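Let's take a walk through this structure together, one stop at a time. Keep the 3D view open and follow along.

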Amino acid sequence: MDEIVYYDRYRDETCVEKIYGEKALRWTYGTLGGRVSLNALVKRAAFSRWYGWKMDRPSTRQKIVPFIKNYELDATEFVRDVEDFENFNEFFFRELKPEARPIDSDASSIVFPADGRHLCVPDLSRCEGLFVKGEMFDLATLVGDTQLAEQYAEGSLLLSRLCPVDYHRFHFPAAGVPGATRLINGPLYSVNPIALRQNIQILATNKRCLTELETESFGKVIVMEIGATCVGSICQTYREGAFVEKGDEKGYFRFGGSSTITIFEPGRIKFDTDLVENSQQHRELYARVGDHMGASINRADTASK
C-alpha cells in the first residue's frame, strides 16, 4: 500500500506520516485474514472497550516516555508532568497549556477544531471526493437526518483526522451557543487513509456524535466527532446551552485515532488557500487547533493563507 503523504503548514513541505501501529493496520485492511478479523472482532465496540480498558492499566505508564521520544512530542506543552500520568490513557487525552495552542484573534475567522490532518470541501454539491477522486460518503447517512442533509447539501465541510500521536481534545471552531449532543451509534472501523481509501463510507457509519452550534457569523454549524477502532469513548466536557468562545474545549477522545467533521450552511465560509489547494489534490493539510482555517464569507478577504 502507498505511503500516507500530507502537507505540513508550519514546515511548508510535504511529509510522510509515521503511523502508530502501522503493521497491524496494514494487515487488518490489506489481507484476507485481516479483513476476516476486522468484521468478526476489530470493528465491534467490545474490542475498543477492551483496548481502552487495557490502556487504563497502571502498567501502561512505561509506554509513555518511549512514545514521546519516538513521535517527537513536546512535553513542555503538557499541563501535567510526564511522571504524573497514572496510565497511557491519561497521557493520551492530556491537556495542554493555553499558550501551546493560541486561538486566532481575527474576529471574522474560524479556527481548526483539533490538531490533525485536514481536508475541506468548499461546496458539498460539487465534491469530487476526499482521499480518492470520485469517492465521497453520503451526507444523509452521516447526519442521520434527511431534512438536515438537504439543508447542508450545498454547504461546506471540514474533515479533521487525529492520529494517535496527536493532542486528542477537540474544541469549538467559532463562538456561539451549542445544543445537545446526539449520539448516532455504529461500528468502529479505522479512520486512517489506509482504511478510508477502501471504504469512505466508514466516516458516515462509524459511531458519531452530532452537535449544532448557533453562531453569529457562520449561522448554524454542525460539529461532529467520529469514533474509530480502539477509541474507548467520546467524552463531552461542554455545557449545553451555555455560550462558548472560539477555541473553547468541547470534549476529548480516549485512546485511539479518530476524526471530527465540521459542516457549514451554504455561502458562509471561505477556507484558507493552502487548505483548499491541498484538498483539491486529495492531500491532507496538517494544522493545530486554534489556527486560522477560514473566514466568514462577507470577510473572505481575511482568509488568505
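Start at H282, which sits just after helix α10 and takes a positive phi of about 60°. Keep in mind that this is a predicted model, so every value here is computed from it.

Now step back into the helix itself. α10 covers residues 273-280, and D274, L275, V276, N278 and S279 are its buried residues. What lies on top of them? Strands from quite different parts of the sequence help to cover the buried residues of α10, including β1 (5-8), β4 (116-121), β5 (156-162), β13 (269-271), β14 (284-287) and β15 (292-296).

Next, look at the loop between β3 (109-111) and β4, where you'll find D115. Is D115 buried or exposed? Its relative accessibility is 2%, so D115 counts as buried. Its side chain has polar company there: a polar contact of 2.7 Å joins it to the side chain of R101. A polar atom of the D115 side chain also lies 2.9 Å from the backbone nitrogen of V289. Leaving aside residues up to four places away in sequence, D115 touches R101, R161, L162, D166, Y167, Y286, A287, R288 and V289.

One of those neighbours, R288, leads us on to the rings. R288 lies over the face of Y10, at 3.8 Å from the ring centre. R94 does something similar with F91, lying over the ring's face at 4.5 Å from its centre. F91 has aromatic company too, as it forms one cluster with F67, Y71, F78, F85 and F88. How many aromatic pairs does the structure hold? The count is 14.

On to the nonpolar cores. The largest one has 30 residues, and L130, F137, L142, V143, I261 and I263 are the members that touch the most others. The elements that give two or more residues to this core are β4, α6 (139-143), α7 (146-151), β5, α8 (193-196), α9 (202-205), β9 (220-226) and β12 (258-264). Pick out V143 to see what such a spot looks like: it touches L148, A149, R182, I184, L210, I222, M224 and I263, not counting residues up to four places away in sequence. There is also a second, separate core of 21 residues, with F218, V221, V276 and A287 among them. You've met two of these already: V276 is a buried residue of α10, and A287 touches D115.

What about the cysteines? A search of the whole structure finds 0 disulfides. A disulfide is a covalent bond between the sulfur atoms of two cysteines. Why doesn't C120 form one? The closest cysteine sulfur, in C127, is 9.7 Å from the sulfur of C120, so the two are too far apart for a bond. C120 is buried, with a relative accessible area of 6%, and C15 is buried as well, at 6%.

Our last stop is T14, in strand β2 (residues 13-16). T14 has a relative accessible area of 44%, so it counts as partly exposed. Its contacts, apart from residues up to four places away in sequence, are V5, Y6, Y7 and R283. Which distance separates T14 from Y286 in space? They are 272 residues apart in sequence, yet 9.6 Å apart from C-alpha to C-alpha. And Y286 takes us back to an earlier stop, as it is one of the residues that D115 touches.

Technical notes
Residues are numbered from 1 along each chain as its sequence is written. This is a predicted model: local features need pLDDT of at least 70, side-chain atom pairs count only at pLDDT 80 or more; totals for chains, interfaces and linings use all residues. Side-chain values use heavy atoms; hydrogens and water are left out. Buried means under 20% relative accessible area, exposed over 50%, partly exposed in between (1.4 Å probe, protein chains only). Helices (H or I, at least four residues) and strands (E, at least two) are DSSP runs, numbered from the N terminus. Contact means heavy atoms within 4.5 Å. A polar contact is a pair of N or O atoms within 3.5 Å; within protein, one must be able to donate a hydrogen and the other to accept it, and residues adjacent in sequence count only if both atoms are side-chain atoms. Rings of Phe, Tyr and Trp (its six-membered ring) pair if their centres lie within 6.5 Å; planes under 30 degrees apart count as stacked, over 60 as edge-to-face and the rest as tilted. A charge sits over a ring if NZ of Lys or CZ of Arg is within 6 Å of the ring centre and within 35 degrees of the ring normal. A nonpolar core is a set of buried Ala, Val, Leu, Ile, Met, Phe, Trp, Tyr and Cys residues joined through side-chain atoms within 4.5 Å. A disulfide is a pair of cysteine sulfur atoms within 2.5 Å.
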